[in-house]
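Please open the structure in your viewer and keep the sequence beside it, since each stop on this tour begins with something to select.

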Amino acid sequence: MKDIFFGSNKHILRYAYLRRDAKHMETLLNSLNKSKLIIFKKVNRLEVLLNSNNNKNELIPLNVKDYPPFKQILSDWIKYNIRMEEEIDEEKSTIKFNEINKINDELNKISLFWLGMDDNNVFTNINGNENPIYSIDITKSEILSSFVEEEIIKKSNNKYFYSNGMKDVLVIDNSTASAYSYCKMFIEFLNKNNYCPSCGSHVVPVQLGSKLHCLNDSPYNEICKANLTSNNFQFPRTDPVVIISLSDENGRILLGANRKRHPPTIEKVIDEKTGNEIIISKTMFSCFAGFMEPGETIESTCVREVYEETGLKLKLENIQIIQSQPWPYPSNLMIGCIGILTNDQINDSNINTELDKELDQVQWFNFKDVNNVLNGIEGILSKDDNKIDKWSVPPIESIAGRLLTKSVNNCKKLLDEKL
């Protein structure tokens, strides 16, 4: 089976320990001519620069050496990181925010992060090993934004373009999608955290964009509770989310639909025999999911989320943890589980979607029908002369698709054992 999407085994090697190594930063400074850069910009949301090739979207980092403004900003940024590493080396920083602002005006307008080295050749157009990979958000930089528009997008006859939501990203190669997920989560972290959550002081990115450092300049004269020792760093946030596929012992799988999150697709066609217009509506059904709360186990979260979304009571002993998936919208780790509901919980009369009112519909499906839809066969909810209601499920290589496949196999196994 293929690697789960956003979780490819062919990935950028992170070398996290080198992010605080000033000597390594000097090596990066001398490696700009073989460095690559993934570009982000906030259009309607944070989007990434893609390349259209034979009607396929590709994430291809730009060669830094070919674009002088990016080579210069990257050089300035690495020098800034070297200075900051020397400044904060195991001691509380004495550098002031105003001093940092004077380093380079353009540095204050961008977010940059060193992903690591492309030793695995994730981007196949790179020759040789140890190619540094970076990501940058240029939203606030008019100079870099204009440069990309004029010198990259227009000169490529719009072959290069900014993505427009998930739909443009979910079709790129999985190994490069994993690199996208990795750098997007760090860029989001840098963009969304401008002050220390403890004391309100300014924070500045250090260690090649992987952490934020509190400058201890609180306007409220607060003592920084995050800075009781020399380690006053703020780390990127990853939110754990459980996602669970539910089945029973009778060969059925329970699915839910959220029409606000996944609006039904509507298509109008003309019946060739009657000439009548037919409205075709397709609704996505999926597994049940929700954020973990502090102090919860994965299994306890499953029990709570299933009850809140369906009104059904799932037992801890009937839950199995299966697989995980990074999910960069915005910064989640999906923890995949399957669960089996006991016979006292499987009647339709027990279903209640009014507790947290997140789902519009919860419905049981025969496992064979779920298997057919997973494998591309259309699912039909209802049909008459003027309207056809269809249903779909997430792609088979997503974590939801993996979990549903697991539930399908479990249902088949349970029914075979009863024969």
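## The nonpolar cores

This is a predicted model, and the tour begins with its largest nonpolar core, which has 40 residues; select Ile39, Phe70, Trp77, Ile78 and Ile136, the residues with the most contacts inside that core. Next, colour the elements that give two or more residues to this core, namely α1, β1 (36–42), α2 (68–88), β5 (111–117), β6 (132–137), α4 (142–153), β7 (160–162) and β8 (203–206). Which element gives the largest share of this core? The answer is α2, from which 9 residues come.

Stay with Ile78 for a moment and show its neighbours: leaving aside residues up to four places away in sequence, Ile78 touches Met25, Leu28, Leu29, Leu32 and Tyr134. Apart from the largest core lies another one, of 31 residues, and to find this second core you can select Leu59, Tyr182, Cys183 and Cys199, which are among its members.

## Rings and charges

Now show the side chains of the aromatic residues, for a search of the whole structure finds 17 aromatic pairs. Select Tyr15 and Tyr17, whose ring centres are 6.4 Å apart and whose planes are at 85 degrees, so this pair is edge-to-face. Is Tyr17 buried or exposed? With a relative accessible area of 53%, Tyr17 is exposed, because the cut-off for that word is over 50%. Tyr15, in contrast, has a relative accessible area of 28% and is partly exposed.

Then select Phe5, Phe6, Phe40, Tyr180, Trp327 and Tyr329 together, and you will have a cluster that is linked by ring pairs.

Two further selections each combine a charged end with a ring. In the one, the charged end of Arg14 sits over the ring of Tyr182, 3.6 Å from the centre of that ring; in the other, the charged end of Arg252 sits over the ring of Trp364, 4.3 Å from the ring centre.

## Details of the backbone

Return to Tyr15, this time to look at its backbone: Tyr15 lies in the segment before α1 (22–29), and its phi is near 45 degrees, a positive value in a residue other than glycine. Lys357 can be selected next, in the loop between β17 and β18 (361–366), where its phi is near 55 degrees, again a positive value in a residue other than glycine. The relative accessible area of Lys357 is 59%, and this residue is exposed.

Where is Pro330 placed? Look in the loop between β16 (319–327) and β17 (332–340), and there you can follow the peptide bond from Tyr329 to Pro330, which is cis, with omega near 5 degrees.

## The largest pocket

For the last stop, show the surface and look for the largest pocket, in which about 1200 Å³ of space lies. This pocket is lined by 41 residues, and a good way to find it is to select Met166, His262, Trp327, Pro394 and Ser398, the lining residues that lie nearest its centre. The elements that give two or more residues to the lining are α5 (166–169), α6 (174–192), β11 (239–247), β15 (288–291), α7 (298–310), β16, β17 and α9 (399–418). Finish by selecting β15, since the largest share of the lining of this pocket, 4 residues, comes from that strand.

How values were computed:
Residues numbered from 1 in each chain as written. Predicted model: local features only at pLDDT ≥ 70, side-chain atom pairs only at ≥ 80, totals over all residues. Heavy atoms only, no water. Buried < 20%, exposed > 50% of the residue type's maximum accessible area, 1.4 Å probe, protein only. Core = buried A, V, L, I, M, F, W, Y, C linked by side-chain atoms within 4.5 Å. Contact = heavy atoms within 4.5 Å. Phe/Tyr/Trp six-rings, centres within 6.5 Å; stacked < 30°, edge-to-face > 60°. Lys NZ or Arg CZ within 6 Å of the ring centre and 35° of its normal. 1 Å grid on protein atoms, 1.4 Å probe; cavity = no way out; pocket = protein on both sides within 12 Å on 5 of 7 lines; lining within 4 Å. Points joined across faces, edges and corners; volume = space filled by probe spheres on them.
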